[in-house]
Amino acid sequence: MKNILIYKDFIGYVQFSADDNVFFGKVEGINDLITFEGETVQELRDAFQYVVDEHIKDCEQENIPIEKSYKGSFNIRLTPDLHRKAAIFAKLRGRTLNAFVRESIEKAIELA
């Protein structure tokens, strides 16, 4: 994967600013806005790990959830034609559209 750092199951999305000659990033999947930066890849990696460790400590001290909670449902946007094809595909296999999408995501993750 491009532009991604992973540490303790946290994901940091990384970008580069040519104007400032610095890498910078944001921790994804949490409720807080936490950013990090570095002039080298190692500085960036160290900064990312530091902010993740600090976030975990802060959450534990304040007794708040470390990660964003996911409710288990989300909206997806498809073209009407793809929506129709997916519904037909699922129905022909005796599945609901929801079950088909869930199973497809599970399979894609297993293959990754």
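**Charges and helices in a predicted model**

Trainee: Is Glu 54 buried or partly exposed?
Mentor: This is a predicted model. Buried would need under 20% relative accessible area. Glu 54 has 24%, so Glu 54 is partly exposed.

Trainee: Which residue forms a salt bridge with Glu 54?
Mentor: Side chains of opposite charge can pair when their charged atoms come close. For Glu 54, the closest N and O atoms of the pair are 3.1 Å apart. The partner, at 43% relative accessibility, counts as partly exposed. The partner of Glu 54 is Lys 57.

Trainee: How are Glu 54 and Lys 57 separated in helix α1?
Mentor: An α-helix has 3.6 residues a turn, so residues three or four places apart point the same way. Glu 54 and Lys 57 are three residues apart in helix α1, so their separation is about one helical turn.

Trainee: How many residues apart in sequence are the parts tied together by Asp 53 and Lys 8?
Mentor: Asp 53 and Lys 8 form a salt bridge, with the closest N and O atoms 2.8 Å apart. Asp 53 lies in helix α1, whereas Lys 8 lies in the loop between β1 (4-7) and β2 (10-17), so the pair ties together parts whose distance in sequence is 45 residues.

Trainee: Which residues join Asp 81 in one salt-bridge network?
Mentor: Asp 81 and Lys 85 meet in a salt bridge at 3.1 Å, N to O. They sit four residues apart in helix α2, so about one helical turn separates them. Salt bridges that share partners join Asp 81 to Arg 84 and Lys 85.

Trainee: How many salt bridges does the structure hold?
Mentor: The pairs covered here include Asp 53 with Lys 8, Glu 54 with Lys 57, and Asp 81 with Lys 85. For the structure, the number is six.

Trainee: What span should helix α2 have?
Mentor: Helix α2 covers residues 80-92, which is 13 residues at 1.5 Å a residue. Its end C-alpha atoms lie 18 Å apart, which agrees with the expected span of 18 Å.

Trainee: Which residue with positive phi follows α2?
Mentor: The phi of this residue is near 70 degrees. The residue is Gly 94.

Trainee: Which surface patch includes Asp 46, negative or positive?
Mentor: Asp 46 is in helix α1, residues 41-62. Patch residues need over 30% relative accessible area. Asp 46 has 40%, so Asp 46 counts as partly exposed. With Asp 19, Asp 20, Glu 37, Glu 39 and Glu 43, Asp 46 forms a patch that is negative.

Note on methods. Residues numbered from 1 in each chain as written. Predicted model: local features only at pLDDT ≥ 70, side-chain atom pairs only at ≥ 80, totals over all residues. Heavy atoms only, no water. Patch = residues over 30% accessible without salt bridge, like charges linked within 9 Å, V, L, I, M, F, W, Y side chains within 5 Å. Areas by Shrake-Rupley, 256 points an atom, 1.4 Å probe, with all protein chains shown as cover. Salt bridge = Lys/Arg side-chain N within 4 Å of Asp/Glu carboxyl O. Lys, Arg positive; Asp, Glu negative; His and termini not counted. Charge placed at Lys NZ, Arg CZ, Asp CG, Glu CD. Helix = DSSP H or I, 4+ residues; strand = E, 2+ residues; numbered from the N terminus. Buried < 20%, exposed > 50% of the residue type's maximum accessible area, 1.4 Å probe, protein only. Expected span 1.5 Å × (residues − 1).
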